[in-house]
Amino acid sequence: MSRAWLAIMLLFGLVLLSRPAEAHESRPCLLNISQTDETQFRVSWKTPPRTGPEAYPVGLELPADWVESTPVQRRSLSDGELEIRSVAIELGTLDGSVVSFPGLESIITEVFVRVTRLDGSTYSSVVRSTDPRLVLRGERSAWASMREYIALGFQHILLGVDHLLFVLGLLLIVGRRPILLKTITAFTLAHSITLALASLGMASVPVAPLNAAIALSILFLGPEIVRVWRSETSLTIRYPWVVAFAFGLLHGFGFASGLSLTGMPRLEIPLALLSFNIGVELGQLSFVVLALALARAFRVLEFHWPRWTWRLPGYSVGIAGAYWFIQRTYMMMVGR
């Protein structure tokens, strides 16, 4: 194993220590505002399932001049907690109103907002932790929505430490550039398929087993990296694109946890799905280019490492995968 890749693993280890292992377990919230007559609106607020006795840390704060017409209805669903309320909004004041989400700034997740009017026009937006409030506007251009979902996909892959570690494991196994291109393409194609299927509601996987299986895919790569270091061979080393495609189908469901198409008009779904996937691919490509550039820089600088350190990259991938697999399996068994 090259000394350059060892340095990459050490740098990546700093990232592992600075981020939570469950980056993809924090699913988005959903706010639907539907106009029922000239001044009446139905507000639906959905948050992910609770993981303990405490309420979900992200709340909803409506404008002070929105008057509630009926008491709040609360329901516990299999995939989250739902609040439904009817509000009266003075005619012509919807645009410019500010909706806030207290607590969003302290958690890694997003809020998807959809507004539907009586005339059939729609508005959709994504609120992130960097600015936990939204000024409601009228319909936006397709390009504005596309930029938002590209940014969401880019952020989602860069916050997904487990997905990035799997990609790094593939880089450590694959030596030649043509095979690397084929391997990354196979991974991209596979997770694009399941991302689309999951986002469109055509297929689903329970979150807890999914996260454990993703950790297992990382653990699987550890021994393969060690075999490369020992100049041994295996199916994974000979045909890495096959393994990348197989596990890519699994990782696609993980990517889908960051995209909600619930309640979105059918005409907007293809654009949102395409834009989110473009963002994921741009983030993944940026990571691959950065890793290869750093590896080349370390080779040029000729860093000298003790011989025993050559084994650390393969062991690091395997240990991280094993730790996450045990942790997530335990959380699944205790129902957290």
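How many aromatic pairs does a search of the whole structure find? In this predicted model, the search returns 6 aromatic pairs. One pair brings together Tyr239 and Trp241: the ring centres lie 5.6 Å apart and the planes meet at 85°, so the arrangement is edge-to-face, given that planes over 60 degrees apart fall in that class. Both partners can be glimpsed from outside, Tyr239 being partly exposed at 38% relative accessibility and Trp241 partly exposed at 23%. Trp241 has a further companion in Lys182, whose charged end sits over the Trp241 ring at 4.3 Å from its centre. Elsewhere in the aromatic picture, Phe166, Phe187, Phe220 and Phe247 are joined into a cluster by ring pairs.

Attention turns next to the surface. Here a nonpolar patch is formed by Leu189, Ile193, Leu197, Leu200, Met202 and Phe245, which together offer about 520 Å² of accessible area. The most generous contributor is helix 4 (residues 177-199), which supplies 3 residues to the patch. Phe245, for its part, belongs to helix 7 (residues 240-256) and is partly exposed, with a relative accessible area of 30%.

Helix 3 (residues 161-173) offers a pleasing check on geometry. Its 13 residues, at 1.5 Å a residue, should span 18 Å, and the end C-alpha atoms are indeed 18 Å apart, so expectation and model agree. Helix 3 is also mostly covered, with 13 of its 13 residues buried, that is, each under 20% relative accessible area.

Key
Residues numbered from 1 in each chain as written. Predicted model: local features only at pLDDT ≥ 70, side-chain atom pairs only at ≥ 80, totals over all residues. Heavy atoms only, no water. Patch = residues over 30% accessible without salt bridge, like charges linked within 9 Å, V, L, I, M, F, W, Y side chains within 5 Å. Areas by Shrake-Rupley, 256 points an atom, 1.4 Å probe, with all protein chains shown as cover. Salt bridge = Lys/Arg side-chain N within 4 Å of Asp/Glu carboxyl O. Helix = DSSP H or I, 4+ residues; strand = E, 2+ residues; numbered from the N terminus. Buried < 20%, exposed > 50% of the residue type's maximum accessible area, 1.4 Å probe, protein only. Expected span 1.5 Å × (residues − 1). Phe/Tyr/Trp six-rings, centres within 6.5 Å; stacked < 30°, edge-to-face > 60°. Lys NZ or Arg CZ within 6 Å of the ring centre and 35° of its normal.
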